[in-house]
Amino acid sequence: MLNIKVFTFNPFQENTYLIYDLKGIALIIDPGCSNRQEEMELIHFIETNHLKIEAILNTHAHLDHIFGNQFMKSQYNVPIYLHKDDELILKNAGIAAKLYGINGYKPSPNVDIYLNHNDEITFGDIKFKVLHTPGHAPGHVVFYNKDEKFVINGDVLFRGSYGRTDLPGGKPMDLFKSITEVMFALPEDTIVHCGHGSTTTIGNEINSNPILYM
């Protein structure tokens with residue numbers, strides 16, 4: 001059985017996920033910690049629970065999801081995973097920080113390992129299938145665990161909503177296809193852990209999500 005710990009960080013109220021198994025093997029997904037207090041909150045939990053961080057996974061490279069890449073890399077010296085189609089967004093995150101008036105952004109290190117659609121990645125008892133879900137960002141991916149019936153979904157689906165497409169690289173029809181053809185193909189009892197806000201299920205969104213009326 002896997003444990004999922006969520007932290008809500010930075011001015012955008014982004015959900016950072018820490019996934020760990022019973023042996024203490026752990027992954028950090030979308031580290032959004034943007035100041036010393038948030039960094040220490042994350043480190044305190046990791047150290048208190050004696051976790052061993054194995055990798056940093058990014059669903060996509062928008063600023064709010066990568067604030068903590070540099071810090072986590074410096075702390076644990078583990079590889080950063082990202083889809084290649086989001087690499088330009090990663091490199092331009094400093095420009096985005098200036099546009100939002102955010103000072104002190106620490107540029108993310110380079111990507112170590114590129115993610116691809118249908119990749120299967122395993123760390124200890126943690127197993128994910130990678131699904132490419134562009135639209136909110138060109139290289140957006142989600143991490144699906146079939147055995148435990150959940151998906152770490154980033155900014156594709158939200159409870160009763162969906163990711164915006166007006167940022168650079170966003171495409172409404174790509175998002176529509178990602179949701180209706182990829183996300184909605186998952187079992188309806190799959191729990192959806194979102195990049196912002198609360199969880200939902202695939203079944204709930206199949207029956208009510210406004211993307212269906214786009």
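Salt bridges, burial and helix packing

Guide: This is a predicted model, and the count of salt bridges in it comes to 7.

Visitor: What makes the pair Arg 36 and Glu 39 a salt bridge?

Guide: A salt bridge needs a side-chain nitrogen of Lys or Arg within 4 Å of a carboxyl oxygen of Asp or Glu. Arg 36 and Glu 39 are at 3.6 Å, N to O, so the pair meets the definition. Both residues sit in helix α1, 3 residues apart, about one turn of the helix. Arg 36 and Glu 39 also belong to a network of salt bridges that includes Lys 106.

Visitor: Why is Arg 36 called exposed, and why is Glu 39 called buried?

Guide: Exposed means over 50% relative accessible area, and buried means under 20%. Arg 36 has 53%, so Arg 36 is exposed. Glu 39 has 4%, so Glu 39 is buried.

Visitor: How do you know that Asp 112 and Lys 73 form a salt bridge?

Guide: Their N to O distance is 2.7 Å, and the limit is 4 Å, so the pair counts. Asp 112 lies in the loop between α5 and β6, and Lys 73 lies in helix α3, so the salt bridge ties together parts that are 39 residues apart in sequence.

Visitor: What makes Asp 112 partly exposed and Lys 73 buried?

Guide: Asp 112 has a relative accessible area of 41%, which falls between the limits of 20% and 50%. Lys 73 is at 18%, under the 20% limit, so the term buried applies.

Visitor: Why is the pair Asp 189 and Lys 149 called a salt bridge?

Guide: The N to O distance is 3.2 Å, again within 4 Å, so the definition is met. The two residues are 40 residues apart: Asp 189 is in the loop between α6 and β13, and Lys 149 is in the loop between β9 and β10. Asp 189 is partly exposed at 43%, and Lys 149 is partly exposed at 42%.

Visitor: Why is α1 called oblique to α3?

Guide: The two helices pack at an angle of about 40°, with their axes 11 Å apart. Angles under 35 degrees count as roughly parallel and 65 to 115 as roughly perpendicular. The angle fits neither range, so α1 is oblique to α3. The crossing is right-handed.

Visitor: Which residues of α1 and α3 meet?

Guide: Arg 36, Glu 39, Met 40, Leu 42, Ile 43 and Ile 46 in α1 meet Phe 71, Met 72, Gln 75 and Tyr 76 in α3. By class, this contact has 7 nonpolar, 1 polar and 2 charged residues.

Visitor: Which residues of α3 are buried, and what do they pack against?

Guide: Asn 69, Phe 71, Met 72 and Lys 73 are buried in α3. The partners of the buried residues of α3 include α1, β4 and α4. Asn 77, which follows α3, has a positive phi near 50°.

Visitor: How do you know that Leu 131 is buried?

Guide: Leu 131, in strand β8, has 8% relative accessibility, and the limit is under 20%, so Leu 131 is buried. Among the residues Leu 131 touches are His 117, Val 142, Tyr 144 and Leu 186. The C-alpha atoms of Leu 131 and Ser 178 are 9.2 Å apart in space, although 47 residues separate the two in sequence.

Notes
Residues numbered from 1 in each chain as written. Predicted model: local features only at pLDDT ≥ 70, side-chain atom pairs only at ≥ 80, totals over all residues. Heavy atoms only, no water. Axes fitted to C-alpha atoms, helices over the stretch in contact; angles between N-to-C directions. Helix = DSSP H or I, 4+ residues; strand = E, 2+ residues; numbered from the N terminus. Parallel < 35°, antiparallel > 145°, perpendicular 65-115°, else oblique. Left-handed = near helix turned anticlockwise from the far one by under 90°. Contact = heavy atoms within 4.5 Å. Nonpolar A, V, L, I, M, F, W, Y, C, P; charged D, E, K, R; others polar. Buried < 20%, exposed > 50% of the residue type's maximum accessible area, 1.4 Å probe, protein only. Lists of a residue's contacts leave out its neighbours within four places in sequence.
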